[in-house]
Amino acid sequence: MVSVVQNVAIDCADAYELARFWSEVTDRPLHPEDRPGDRETQVLLAEGPVLHFNQVPEPKKIKNRIHLCLRPETSREREVEWLLGLGATLVTDQRNPDGSGWAVLADPEGNEFCVLRSESDRAAMNA
């Protein structure tokens, strides 16, 4: 028997607005039927499961037990700056002087996610 991951569910206070943030981050569309005020929305990723945003009444209180890790197409540094401009915040900087490591950011509702090194960052470090 096998189970297939259908979606990654993210609890939030405003499903549509948080989905819009992640739609911008991933450059992928919202589900065509999603509208402002919807209690559930989805970002349709190019591959794999969809990001499903579910509006809940309680606020986030502790660190995520599961989080997204992003590998940017551009450099990690440029991606972090761009994400901060979209409304993310820096939570923990795990970047090392030698170029290894990652940055932990939070989306506008405080959900943590990591920004890893890009493939070009990794290649430059190994050259």
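The sulfur of Cys12 lies 20 Å from the closest cysteine sulfur, that of Cys114, which is too far for a bond. Cys12 is moreover a buried residue, with a relative accessibility of 3%. These statements, like those that follow, concern a predicted model. A second cysteine, Cys69, has its nearest cysteine sulfur, again that of Cys114, at 4.3 Å, and Cys69 takes part in no disulfide. Since a disulfide is counted here only when two cysteine sulfur atoms are within 2.5 Å, the separation of 4.3 Å between the sulfurs of Cys69 and Cys114 does not qualify. Unlike the buried Cys12, Cys69 counts as partly exposed, at 44% relative accessibility. For the structure taken as a whole, the number of disulfides is zero.

From the cysteines we may turn to the sheet. Four strands make up an open sheet of mixed pairing, arranged in the order S4-S7-S6-S5, and its edges are formed by S4 and S5, each of which pairs on one side only. On average, and with direction ignored, neighbouring strands of this sheet are turned by 30° against each other. Helix H2 packs on the sheet and touches S4, S5, S6 and S7, its direction making about 150° with that of S7. At the S5 edge, the pairing between S5 and S6 is antiparallel and extends over four bridges, and Leu90 has Leu105, in S6, as its bridge partner.

Leu105 appears again in the nonpolar interior. The largest nonpolar core has 21 residues, and those that touch the most other members are Trp22, Val43, Phe53, Leu83, Leu105 and Phe113. Two or more residues of this core come from each of strand S1 (7–12), helix H1 (15–26), strand S3 (50–55), helix H2 (76–86), S6 and strand S7 (112–115), with H1 giving the most, seven residues. The surroundings of Leu83 can be followed in detail: leaving aside residues up to four places away in sequence, Leu83 touches Val25, Leu70, Ala88, Leu105, Phe113 and Val115, and of these Leu105 and Phe113 are also named among the core residues that touch the most other members.

Two loop residues complete the tour. Ser100 is found in the loop that runs between strand S5 (89–93) and strand S6 (103–106); is this loop residue buried or exposed? With a relative accessible area of 16%, Ser100 is buried, because the limit for that class is under 20%. The side chain of Ser100 makes polar contacts with two other side chains, that of Asn96 at 2.9 Å and that of Asp98 at 2.6 Å. Beyond residues up to four places away in sequence, Ser100 also touches Arg76, Gln94, Arg95, Arg117 and Met125.

The other loop residue is Asn64, which lies between S3 and strand S4 (68–70) and which, at 15% relative accessibility, likewise counts as buried. Which residues does Asn64 touch, if those up to four places away in sequence are not counted? They are Gly110, Asn111 and Glu112. For one of these, Asn111, the separation along the chain is 47 residues, whereas the C-alpha atoms of Asn64 and Asn111 are 6.7 Å apart in space.

Note on methods
Residues numbered from 1 in each chain as written. Predicted model: local features only at pLDDT ≥ 70, side-chain atom pairs only at ≥ 80, totals over all residues. Heavy atoms only, no water. Buried < 20%, exposed > 50% of the residue type's maximum accessible area, 1.4 Å probe, protein only. Polar contact = N/O pair within 3.5 Å; in protein donor to acceptor, adjacent residues only side chain to side chain. Contact = heavy atoms within 4.5 Å. Core = buried A, V, L, I, M, F, W, Y, C linked by side-chain atoms within 4.5 Å. Pairing = 2+ DSSP bridges. Axes fitted to C-alpha atoms, helices over the stretch in contact; angles between N-to-C directions.
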